[in-house]
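Visitor: I would like a close look at a single part of this protein. Please take the metal site and the charged side chains, and explain them step by step.

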Amino acid sequence: MRTLTFEEVKKHNSDDDLWIVIDSKVFDLSNFADLHPGGPNVLYAEGVAGRDATDAFFGLHRHEVLLRPQYARLQIGVIEGGVENIRAPAPGSLSRVPYAEPSWLSEGFLSPYYSNNHRAFQRTVRKFFEEVVRPEAIKCEENGKRISQEVVDRMSDVEIIAMRLGPGKHLQGRTLMGGIVKPEEFDYFHELILNTELSRFGTRGFVDGMLNGAVIGLPPIWNYGSPELQARIIPQVLSGKKYLALAITEAFAGSDVSGLQTTAVRVGDHWIITGTKKWITNGTFADYFTTGCKTDKGLTVILIERGEGVSTKPIKTAYSSTAGTAYVVFDKVRVPVSNTLGEIGNGLSVILSNFNHERWMVTGCSVGAQRVIVEECLKWANQRIVFGKPLSSQAVIRNKLGKMIMRIEACQNWLEIVTHQMNNMTYNEMSSKMAGQIGLLKQFVSRCGRETAEDATQIFGGRALTVTGMGKLVENYHRTSGYDAILAGAEDVLGDLGVRQAMKKMPKDALL
Ligand SMILES: Cc1cc2nc3c(=O)[nH]c(=O)nc-3n(C[C@H](O)[C@H](O)[C@H](O)COP(=O)(O)OP(=O)(O)OC[C@H]3O[C@@H](n4cnc5c(N)ncnc54)[C@H](O)[C@@H]3O)c2cc1C
Ligand code: HEM
């Protein structure tokens, strides 16, 4: 790379001969100027053409623009004696922006919950997600295609699909994240790390497209499926060779699960299943559906395989169709009775016991995404100059930032204590003791997320409504934060569940 002086750069400031300096790097924009998305004029302006345009550039572009190969190759040299100040963080590194990381990852802070193993795990996971998953997430969020088999294979090589189902015997004998954590050491904090890390890219549709159907649809199989069914289905799903979806909701019934109308009629050793399911995540590409059905003995959960009588079509929603959200039609589908999950008529408890983990998982993903938005806003408020001063010099903006920080810290801390309880309870204890609290937690986190999305939108202004550029993460978050409030149980219903559960446990003699 050539070493150039400002004297030399200055000479290149006219049509067809345009150099500029950004952070000590010299770019030849002569051929690019007419293609520049912001137009050529801004590049020929005084103080830009042939000059150091670092401040102007970073006021208008994300750093990643300079790293894209098509733009990186415009660099022809470096300024003599110049120092590159703005470096892309190394993959896996932690942010140095205050509150951009939870306190357990911040230098000089302690936590009662996390060990050095969690810290090492977090570093490895973040690096993996940034290097392997992030490019795929950005591509799929935009083109709406499902996650590629290649990336699924890379995730299953390090057992991410298995780990996303939490601690348990399904991890035995597996090499987790290259061996960084032993299967018997893996706990809910490791899983929480996975959930917060995977949602950091401003790609909410992809978060669900990253095989969330399996995360929510597989537990009923291993908790209630026959040994034969488990032996056949679980390895295929955990290795990412087959896809699974949880099919409960219908146009007829969502919050009110008991109102399902998909019907399974028993004929000998088979069920004949007819009905429809709506908004089924990963449904467009699922091979199996863990399905809530009505039978003459009551609600029953049955595993349906894609085949004759099963059809799916995409539902267009506000987030990317990479999530594979589907309308599913079952038309007289023949399913062996051995595919029944749990007792016939006991479907409600199969479905309800599955919800705690799902809701806790959604909460973790939501917290991961929310924290990145806090970081985006702190950076933007610091760098955006309005009325001649940084945005952060406005008390109204600082007030919004303060509230964002309070919300994310409150969410994080509540989530961690809930995770700690889960780590020290059996599955059944968790169901009886934690369902209400997880419901309330999820409501709190998703409400906070929506308030933060609103505040972030004000802080970013028009850029918050623009899909590309400076505000792209805020735009995605603002458009999709409502998902956390509806999926896995609507916010209001969960808050109400929490209070009803508390009321049930009120001591009879607790009077004023
Ligand atoms: C993108 C997407 C993906 C989804 N993925 C799946 C999936 O993979 N599998 C699956 O089975 N389902 C899935 N769902 C369905 C989701 O779980 C339901 O949308 C959700 O449970 C709410 O049900 P509903 O939309 O039918 O709302 P309804 O039950 O019609 O309720 C409407 C609103 O009324 C309010 N409400 C309802 N009952 C009460 C009450 N008792 N107290 C107070 N307020 C109340 C709530 O605010 C609720 O939002 C998905 C939905 C979406 C949008
Ligand atoms: C290597 C040099 C540069 C490259 C590769 C580059 C590239 C880009 C790209 C990709 C965009 C689209 C915005 C996005 O989606 O992120 C953009 C927009 C823009 N650029 Fe540049 N740019 C360069 C230098 C500059 C400089 C020096 C200025 C100086 C003023 C400038 C002014 C603008 C403006 C005003 C916009 C529109 C921003 C908006 O819509 O908010 N660019 N540029």
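Guide: What follows starts at the metal, then turns to salt bridges. The model is a predicted one.

The site is the iron atom of ligand 2, whose protein donors are the NE2 atoms of His36 and His61, at 1.9 to 2.0 Å from the iron. The arrangement counts as octahedral because the 6 donor atoms around this iron subtend angles of 84 to 178 degrees. For six octahedral donors, the ideal angles are 90 or 180 degrees. The two histidines come from distant parts of the chain, 25 residues apart. His36 sits in the loop between β4 (25–28) and α2 (41–44), while His61 sits in the loop between α3 (54–60) and α4 (64–67). Both His36 and His61 are buried.

The UniProt record, an unreviewed entry, places "domain: Cytochrome b5 heme-binding" at residues 1–80. In the model, residues 1–80 are 30% helix and 25% strand, and the C-alpha atoms at the two ends are 11 Å apart.

Next come the charged side chains. Side chains of opposite charge can pair when their charged atoms come close. One such pair is Arg62 and Glu64, which form a salt bridge with an N to O distance of 3.7 Å. Arg62 has a relative accessible area of 16%, so this residue is buried, the cut-off being under 20%. Arg62 and Glu64 also belong to a network of salt bridges that links them with Arg68, Glu376 and Lys472. In the whole structure, a search finds 28 salt bridges.

Two further pairs serve as examples. Arg174 forms a salt bridge with Glu159, and their closest N and O atoms are 3.0 Å apart. This pair links distant parts of the chain, with Arg174 in the loop between α8 (160–163) and α9 (188–197), and Glu159 in the loop between α7 (149–157) and α8. Arg174 is partly exposed because its relative accessibility is 22%, whereas Glu159, with a relative accessible area of 12%, is buried.

The other pair is Lys433 and Glu429, with closest N and O atoms 3.9 Å apart. These two residues are 4 residues apart in helix α16 (residues 427–460), so about one helical turn separates Lys433 from Glu429. Lys433 counts as partly exposed at 48% relative accessibility, and Glu429 counts as partly exposed at 30%.

How values were computed:
Residues are numbered from 1 along each chain as its sequence is written. Chains are lettered from A and ligands numbered from 1 in the order in which they are written. This is a predicted model: local features need pLDDT of at least 70, side-chain atom pairs count only at pLDDT 80 or more; totals for chains, interfaces and linings use all residues. Side-chain values use heavy atoms; hydrogens and water are left out. Donors are N, O and S atoms within 2.8 Å of the metal (3.2 Å for Na, K and Ca); water is not among the atoms, so sites may look incomplete. Four donors count as tetrahedral if all angles lie between 85 and 135 degrees; four count as square planar and six as octahedral if opposite donors are over 155 degrees apart and all others between 65 and 115; anything else is irregular. Buried means under 20% relative accessible area, exposed over 50%, partly exposed in between (1.4 Å probe, protein chains only). UniProt positions are given in the numbering used here, feature names are shortened, and annotations may be inferred rather than shown by experiment. A salt bridge is a side-chain nitrogen of Lys or Arg within 4 Å of a carboxyl oxygen of Asp or Glu.
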